[in-house]
Amino acid sequence: MPAASSETQEATQYDVIIVGAGSGNSILTPDFDDKKVALVEKGAFGGTCLNVGCIPTKMYVLAAEKAFAAREAGKLGIDLEYKGADWPAIVQRVFDNRIDLIAKGGEDYRRNGCDNVTVYDMEASFVGPKTLKTGRGEDEELITAETIILAAGARPYIPDWAHGVTFHTNEDIMRLERQPKSLTIVGGGFIAMEFAHVFDALGTDVTVISRSQLLRKLDSDIAEPFNALAAERYTTHIGRTVASAEETDTGITLTLDDGSAITSEALLIATGRVPNSDTLNVHAGGIDTHPDGRVAVDEYGRTSADGVWSLGDLSSPYQLKHVANAEQRAVTHNVLSTWSGSEDSSLVPLPRPRSFGDFHAPPDRYRGHDGTGSHRCRVRCHGQGPKLRRRGLRLGPGGLNRFGEARRRPIFRQAPRRALHGPAGVHAHPANDHCDGLRARPPDLPPRSILDPPVPRRSDGKRDPRSRPDVQRSLNLCFTPLSGAAS
Ligand SMILES: Cc1cc2nc3c(=O)[nH]c(=O)nc-3n(C[C@H](O)[C@H](O)[C@H](O)COP(=O)(O)OP(=O)(O)OC[C@H]3O[C@@H](n4cnc5c(N)ncnc54)[C@H](O)[C@@H]3O)c2cc1C
């Protein structure tokens, strides 16, 4: 039984401790069945991607696209009327009927279906090398293990000016009781822009404040037309910062550095993400961090503390789910290899992606115009004709990112056929072709460029859709970690 205070308590010994049940929940392959495992998760199982990130946002995007398509249908000569969104019904579909069931099912499985796993639900923090303070319910407990895997992710950064007013982040904006009539979004990255698209499409009056160009990390080939289109859809204040914020009966008023004031019913902050190394108190565990707060790891995922590993948003410079998944696979392999006494040469390096982002837009944009003739989109295209029209765009080199290595060969990405809006609908997407290239690769296999994923062929030479690794990966992303949780 845990003692009343952890200070006087002996630490409970485990073989392995995992902190974070996002990507961390997928570590527990059958290889761990004979190990005594502590799994610490202070929030919902499934982590950011499942609960407040990739997956629910894409479900909102789906609803938003229907609304947007109806509103824009006149451009195609179709007379449709958008009468508004039943916001509570959207929330219910996404969370009550889907996400929450999956998260709960995943937690139930770990708590009740895995004899070797003990679930802790109190926030974990290091109190010394290889020792963490955590707990179950109200009861604090110290736990220790020779192997600790940190997968504690990141959280939204909240600027100082926002303290004292009501604000939302990705963690709660999708669960609002009602759709706001007006929304100010502070931030200009993927998360900000995805929500701008969703709320604007559903009929909210959206204002965007960004201190720099929107989607500034993308190539100007994409960022420039995106900014032009965003300025048409939203009220934008680019190159501006917030000086102060005030809450009144009418909503939240932000005063900008140029003295202008913006009032909206609701405020969304999407100004970056902070790795959770501080709340985890990693320095007490002898774990070094980068200046930006990320846990420092070597190429195999080892931290500066012997036996302590880290993966995902907590340590990765690339905060994307497929990167976190790929790192989880690599670290899992490396931990098991280390346990079996293998040499370092048997470890696999953390995969490093070469391409990010997904570009959702109608195929005709990719052919150089937006269907209305008013904008040109200078994304490079590969392939023309029926294939391109059927599948949407394949983006080319230099069109996606600023990572030099991507330019050696084209990166092909596909835009879904159903995308009907313009680059203003850009959002990061977790499941795509290059995910396969990120898979941890056993060292006895020859190195393969992630730019060159295999294309499985049937005997007749055609691609076998069932064996396409990217399809498999998409399914893995959404459901494998919590499989069996919900239909
Ligand atoms: C709005 C949004 C949209 C996104 N869309 C995409 C997308 O389309 N495509 C894509 O690839 N990526 C997307 N991402 C990024 C993606 O969600 C993350 O990269 C990914 O979820 C990181 O996984 P992780 O396992 O490292 O961390 P997480 O999934 O965040 O898991 C960390 C877990 O650790 C728990 N935890 C943290 N600290 C402690 C502690 N001290 N004690 C106990 N538990 C703790 C947390 O509660 C959390 O459950 C999006 C992110 C956001 C915010």
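Two strands count as paired when DSSP finds at least two bridges between them. With that in hand, let us walk through this predicted model, starting where the definition is put to use.

Strand β12 and strand β13 (residues 261-264) are joined by four bridges and run antiparallel. One of the facing pairs here is Leu 254 with Ile 262 of β13. The two strands make a hairpin with four residues between them, and in its turn Gly 259 has a positive phi of about 90 degrees.

On the β11 side, strand β12 (residues 251-256) pairs with strand β11 (residues 242-248), again in the antiparallel sense, over six bridges. Val 242 has Leu 256 of β12 as its bridge partner, and Ser 244 stands opposite Thr 255 of β12. A hairpin through two residues carries the chain from β11 to β12.

Put together, these strands give an open sheet of three, in the order β11-β12-β13, with antiparallel pairing. Strands β11 and β13 are at the edges with a single partner strand each, so one side of each has no neighbour in the sheet. On average, neighbouring strands of this sheet are turned by 20 degrees against each other, direction ignored.

Now for the other sheet to visit. This one is an open sheet of four strands with parallel pairing, and its order is β10-β9-β8-β14. Its edges are taken by β10 (235-238) and β14 (266-269); each has a single partner strand, so one side of each is left without a neighbour in the sheet. The average turn between neighbouring strands is 15 degrees here, direction ignored.

Inside this sheet, look at β8 (residues 182-186) and β9 (residues 205-210), which pair in the parallel sense over five bridges. Val 186 is found opposite Ile 209 of β9. Helix α4 (residues 190-202) packs on the sheet and touches β8, β9 and β14. The direction of α4 makes about 165 degrees with that of β9.

Helix α4 leads us on to helix α2. The two pack at an angle of about 40 degrees, with their axes 8 Å apart. How should such a pairing be described? Angles under 35 degrees would count as roughly parallel, and α2 and α4 are therefore oblique to each other. Their crossing is left-handed. On the α2 side the contact is made by Thr 57, Tyr 60, Val 61, Ala 64, Glu 65, Ala 67 and Phe 68, while α4 brings Glu 194, His 197, Val 198, Ala 201 and Leu 202. By class, the residues of this contact are eight nonpolar, two polar and two charged.

Helix α2 also meets helix α3 (residues 87-112): their axes come within 10 Å and cross at roughly 145 degrees. This crossing is right-handed. From α2, the residues taking part are Ile 55, Pro 56, Met 59, Tyr 60 and Ala 63, and they meet Ile 90, Val 94 and Ile 99 of α3. The contact of α2 with α3 has eight nonpolar residues, with no polar and no charged ones. Tyr 60 is worth a second look, since this residue is listed in the contact with α4 and in the contact with α3.

Our last stop is the ligand. Which residues come nearest to the ligand? Of the 38 residues around the ligand, they are Gly 20, Gly 22, Gly 47, Gly 153 and Gly 312. The elements giving two or more residues to this shell are α1 (47-52), α2 (54-72) and α6 (321-339). Helix α2 thus returns here, having already appeared in the contacts with α4 and α3. Sorted by class, the shell holds 15 nonpolar, 18 polar and five charged residues.

Definitions and conventions. Residues are numbered from 1 along each chain as its sequence is written. This is a predicted model: local features need pLDDT of at least 70, side-chain atom pairs count only at pLDDT 80 or more; totals for chains, interfaces and linings use all residues. A residue is near a molecule or strand if its C-beta atom, placed from the backbone, lies within 6 Å of it. Ala, Val, Leu, Ile, Met, Phe, Trp, Tyr, Cys and Pro count as nonpolar, Asp, Glu, Lys and Arg as charged, and the others, Gly among them, as polar. Axes are lines fitted to C-alpha atoms, for helices over the stretch in contact, and angles run from 0 to 180 degrees between N-to-C directions. Two residues are in contact if their C-beta atoms, placed from the backbone, lie within 7 Å. Angles under 35 degrees count as roughly parallel, over 145 as roughly antiparallel, 65 to 115 as roughly perpendicular and the rest as oblique. A crossing is left-handed if the near helix is turned anticlockwise from the far one by less than a right angle, and right-handed if clockwise.
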